[in-house]
Amino acid sequence: MAVMSFFHNPHRFMAGSKWPAWGFTLLGVVLIVVGFGIGFFRTPEDFQQDERARMMFVHVPAMWLCMFSYAFMVGASFISFVWRHALADVAAKSAAPIGAVFTAIGLMTGSIWGYTTWGTWWEWGDARLVSVLILFFIFLGYIAVWQAMETPQKAARAAAILCLVGAVNIPIIHFSVEWFASLHQQSTFMTTDNKTTAEFKIPMYLAALGYLALFGGLTLLNMRAEIMKTRADILLQRRQAAD
Amino acid sequence: MTPIDTNYDGYVIWAYAMGAAGLLGVLAWTVNRLANAKRKLDEAEREDAGGGGGP
């Protein structure tokens, strides 16, 4: 609560966010390069999936982060909806394009992996694939709502409602492989029975931390851009009103 | 169904290329958006300071 009220003032946010934003972005890039590098060049072939297992270091963190991005937006939208916090809307709006890109990466790399493993690029009957595609459309819809409404206040309200309603899709994505018959394998990393060896775990966690840091950094940078744009618009409107 | 080429190198490279392109794309888009917002704010502040803001 104290942090929330501290950042209620955009000036304070702007003063405190510059170096964390660039720091997280740089950290994210470095971790992703190292994680991808180890995954692509150093990790041995898997005994079942051979070379194809290397795709997991791109695909799996993208899927984790697309759900994390959306959960972050849900949290921010809830704060915006209940407490009308000035920066919560900006945070949710700023995270949406990044979440959409993670989802797109997850869908495309998953499609390639699926083709080499299942023999099909896409399966409409598969709940995991379809629920992730729906998440991608929710991200696009959320971005479109911000563009479509005539005032930022109305847009923020409508986007927050859409985001909160869309939250029902997150548990469906997560549990789809358990609730429904699916081509997609069940969770490997996020289980208590994780038998993955360090050769796979290290690049996976490096890449995942990199995606997470990049998400944090880019969201902060986008929030800064949004605040600067809003301030510039206010100054221009004030100038026009005075002329 | 067409048999799948079991030399998977090309598919793996494609997956990494798509991942890298997506991440670099969103990074470049964010930096560009930030630069545009900064330019717009600088112009607005310059006009606001220089113009006097009223009759």
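This is a short dialogue on how to read a predicted model of two chains, A and B.

Reader: Let's start simple. What helices and strands does chain A have?

Author: Chain A has eight helices and zero strands. Follow the sequence and the pattern reads α-α-α-α-α-α-α-α. Remember that you're looking at a predicted model.

Reader: And what does chain A span along its principal axes?

Author: Its C-alpha trace spans about 70 × 35 × 35 Å. Of its 243 residues, 41% count as buried. As for contacts with a separation of 6 or more, 77% of those in chain A are between residues 24 or more positions apart.

Reader: Now a single helix. How do I read α3 of chain A, and what does it reach from its first C-alpha to its last?

Author: The general idea comes first: an α-helix has 3.6 residues a turn, so residues three or four places apart point the same way. Now the case here. Helix α3 of chain A covers residues 56-83, which is 28 residues. From first C-alpha to last, α3 reaches 40 Å, close to the 40 Å expected at 1.5 Å a residue.

Reader: Which residue follows α3(A)?

Author: That's A:Arg84, and its phi is positive, near 55°.

Reader: What about loops? Where does A:Asp126 lie?

Author: A:Asp126 is in the loop between α4 (86-118) and α5 (127-148) of chain A.

Reader: Is A:Asp126 buried or exposed?

Author: Count the neighbours. A:Asp126 has 20 C-beta neighbours inside 10 Å, and a residue with 20 or more is called buried, so A:Asp126 counts as buried.

Reader: Which residues does A:Asp126 touch, leaving out those up to four places away in sequence?

Author: A:Ser182, A:Leu183 and A:His184. For another distance, try A:Gly166: it is 40 residues from A:Asp126 along the chain, and their C-alpha atoms are separated by 19 Å.

Reader: Over to the other chain. How many helices and strands are there in chain B?

Author: One helix and zero strands. Chain B has 55 residues, and buried ones make up 24% of them.

Reader: How do I read the place where the two chains touch, and how many residues does each chain give?

Author: In general, the size of an interface is often given as the accessible area lost when the parts come together. Here we can go by residues: the contact takes 37 from chain A and 30 from chain B. On the chain A side, α2 (10-42), α3, α4 and α8 (198-242) each supply at least two residues. The largest share, 15 residues, comes from α8(A).

Reader: How many residues on that side of chain A are nonpolar, polar and charged?

Author: They divide into 23 nonpolar, five polar and nine charged.

Key:
Residues numbered from 1 in each chain as written. Chains lettered and ligands numbered in written order. Predicted model: local features only at pLDDT ≥ 70, side-chain atom pairs only at ≥ 80, totals over all residues. Helix = DSSP H or I, 4+ residues; strand = E, 2+ residues; numbered from the N terminus. Expected span 1.5 Å × (residues − 1). Buried ≥ 20, exposed ≤ 12 C-beta atoms within 10 Å, placed from the backbone. Contact = placed C-beta atoms within 7 Å. Nonpolar A, V, L, I, M, F, W, Y, C, P; charged D, E, K, R; others polar.
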